[in-house]
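The following note was prepared for a colleague who intends to work with this model. Its points address the core, the ligand site, the backbone and the overall dimensions in turn.

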Amino acid sequence: MEFAEFAERARDIEGTSADTAIVDAVTELLLAADDDLEVLARFVQGRVFPAWDSTTLDIGPNYCYAAIARAAGQNVSADDVEARLAESGDIGAVAASYDFGGQTGLAEFGGGRESLTVSEVYDELEALADAEGSGSQDTKIDILFGLFNRTDEDEARYLARLVLSEMRIGVGEGSVRDAVAAAFDVPVEEVERALQVSNDYGRVARVAREEGVEGLESLDLDVGRPVQAMLAQAGTVTDALEEWETVGVEWKYDGARVQLHYDPEGLTMPGTDVTSSGDASPSDATTDDALSVRIFSRNMEDVTDALPEVVEYAEATLDEPVILDGEVVAMEDGEPLPFQEVLRRFRRKHDVARAREEVAVELRAFDCLHASGDDLLDAPLTERHDRLQAVLAGTVAGTDPDAPSSFSGVSALTVTDDPDEIAGVEENALDTGHEGIMLKNPESTYSPGRRGKNWLKRKPDVETLDLVVTGAEWGEGRRASFLGTFLLSARTDSGYETLGKVATGITDEELAHLTELLEPHIRSQDGQDVDIAPEVVFEVGYEEIQASPTYSSGYALRFPRFLGVRDDRTPDDADSLSRVERLADTQ
Ligand code: AMP
């Protein structure tokens, strides 16, 4: 396809607002594509390279302005370009406002206005990305100048936007997915699945066109090519317990997300076996057969070289092809350091050995996407975690507070429906210096790139309340001689109003102590229930304050947890109901 035709279609799409009309227009574009289908499926999203490929054009905006200025003629400087940009805010409009192509006599850069094809633009941008080392910025400017010099108004508009990753014509990933399904008459779910495993819109479009639904079905994860990470939403323990039969609880590490690919035979970069224009990867990984481990950051950057100790761990522990998901944490004397330390290690290009001595990093693996030829995206979390433990030969990173973790390994997964147990895991995580806990649906599949409801991150409570104990219940069984559940009240002008019961977060030892403390204040007893005079103040954490008819205050605490006795406070200093009301209003 001529680049001019792409630009014209892009302009039409930009002028369209209805989602369905956009999908129709992208469908037409894909149908009009020739052997440049892969490139077009990316260009229309403003992407030059596949999503799994971290290659960038690596050209600063100033160099782009310089190339535009040069193509615009002798009287135009990069400053003029910037001044126009400051006015319009759109580099596309700025590029379109110049009359290019006047710079003749530059045959090697395609002087004159010889028309451009989409494949040619891609090839030139690939060469631009490949330029490295001293003088590379000049090479990049030369290449861009050569391209701009051959553009008309609309071509210049979309070339400039493409180069600076500012396409903004309203085409998202969903529009391309739907357009591939419509153009090549394949089910949208199959396209979605193929996109998840391949992370490559161009390849999926080509396979859909050439091999139909069978071709899409045959696309699998490839060890060596990163997929999008599954993401988490903020959520509460109460939500998790209400939504799922049981809850998978893990420590939440304050580090950096990584995806580790391992193949003892050496990793090649799959999907690069096709040689027609646009299919080949600009990455040089295809030839690097010696590498058995590659580690990618959350945005698919290859960070293998920066993390030798994780590579060594993987090489020593793994013996079959796998894709693992996890978090890299920086550790010092068994304590985690802030995540900035990990990022510093990620960025380190030189003197990695020294950096490693200063700050050691460790892997906490929490998921397994592929093992020994099996794609596990559709397997439930518990099964994936079992596979993880099997492939990592039981190297469990310490989630036992008595044995603080100091090595890479599997992050423990506790599956429970008991809020006390969840609170216990959280306490251990916080005691060991980690961020908190993740709550995961044990039955859930792995959805790359999704911020769904199956993974919830629970951050520690921001607020706590000091509440007066006005009642309790005797425990049962082993705990029959202890008070077990405590009724909590907030102070009002005329007395106390109840707003919840706390039974979570209390050890046996603490129960004995609390019973001793409260027993003298028991006023009356009815079966297991006791009425207690307001004397003792508890500090309590909670997830949320809800309006509720269950308690006399009209509010109820969600997931209340005992944090300690406020020996330093009398009931008169406890929190008032009006503070509870204020907190409920502002949460
Ligand atoms: P946030 O960055 O606050 O959105 O939280 C989600 C991030 O927490 C993930 O992308 C991971 O990098 C990180 N994380 C730490 N521990 C875990 C875990 N056990 N499971 C999943 N993600 C985790």
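1. How many residues does the largest nonpolar core have, and which of them have the most contacts inside it? The model under review is a predicted one. Its largest nonpolar core has 92 residues. Those with the most contacts inside this core are F6, F43, I68, L125 and F148. Helix α4, spanning residues 61–72, gives the core its largest share, namely seven residues.

2. Where does this core lie with respect to the domains? Residues of both domain 1 (47–163) and domain 2 (231–458) belong to the core, and it therefore lies between the two. As general background, nonpolar side chains in soluble globular proteins tend to be buried together.

3. The ligand is surrounded by 13 residues, of which E250, W251, E327, K440 and K457 come nearest. By class, this shell comprises eight charged residues and five nonpolar ones, with no polar residues. The strands β2 (247–252), β11 (436–440) and β12 (451–458) each contribute at least two residues to the shell. Strand β2 provides the largest share, three residues.

4. Which distances describe the approach of polar side-chain atoms to the ligand? For K457, a polar side-chain atom is placed 2.4 Å from an oxygen atom of the ligand. For E250, a polar side-chain atom lies 2.8 Å from a ligand nitrogen atom. For R298, an N or O atom of the side chain is 3.4 Å from an oxygen atom of the ligand. Taken on its own, the ligand has 490 Å² of accessible area, and the protein covers 87% of it.

5. Two residues deserve attention for their backbone angles. In general, most residues other than glycine have a negative phi. D58, which is not a glycine, has a positive phi of about 50°. D58 is located in the loop between α3 (37–43) and α4. With a relative accessible area of 53%, D58 is exposed.

6. The second case is S165, another residue other than glycine with a positive phi, here near 55°. S165 sits in the loop that runs between α9 (153–163) and α10 (173–184). Is S165 buried or exposed? Its relative accessibility is 58%, and S165 therefore counts as exposed, the cut-off being over 50%. Along the chain, S165 and L363 are 198 residues apart, and their C-alpha atoms are separated by 33 Å.

7. A further loop residue to inspect is N199, which is placed between α11 (188–198) and α12 (201–217). N199 counts as buried because its relative accessibility is 2%, where buried means under 20%. The side chain of N199 makes a polar contact with the side chain of Q228, at 3.2 Å.

8. As to the chain as a whole, its secondary structure consists of 20 helices and 21 strands. Of the 587 residues in the chain, 53% are buried. Along the principal axes, the C-alpha atoms fill a box of roughly 100 × 55 × 50 Å.

Note on methods
Residues are numbered from 1 along each chain as its sequence is written. This is a predicted model: local features need pLDDT of at least 70, side-chain atom pairs count only at pLDDT 80 or more; totals for chains, interfaces and linings use all residues. Side-chain values use heavy atoms; hydrogens and water are left out. A residue is near a molecule or strand if one of its heavy atoms lies within 4 Å of it. A polar contact is a pair of N or O atoms within 3.5 Å; within protein, one must be able to donate a hydrogen and the other to accept it, and residues adjacent in sequence count only if both atoms are side-chain atoms. Accessible areas come from the Shrake-Rupley method with a 1.4 Å probe; for residues, only the protein chains shown count as cover. Helices (H or I, at least four residues) and strands (E, at least two) are DSSP runs, numbered from the N terminus. Ala, Val, Leu, Ile, Met, Phe, Trp, Tyr, Cys and Pro count as nonpolar, Asp, Glu, Lys and Arg as charged, and the others, Gly among them, as polar. A nonpolar core is a set of buried Ala, Val, Leu, Ile, Met, Phe, Trp, Tyr and Cys residues joined through side-chain atoms within 4.5 Å. Buried means under 20% relative accessible area, exposed over 50%, partly exposed in between (1.4 Å probe, protein chains only). Domain bounds come from an automatic or database domain assignment.
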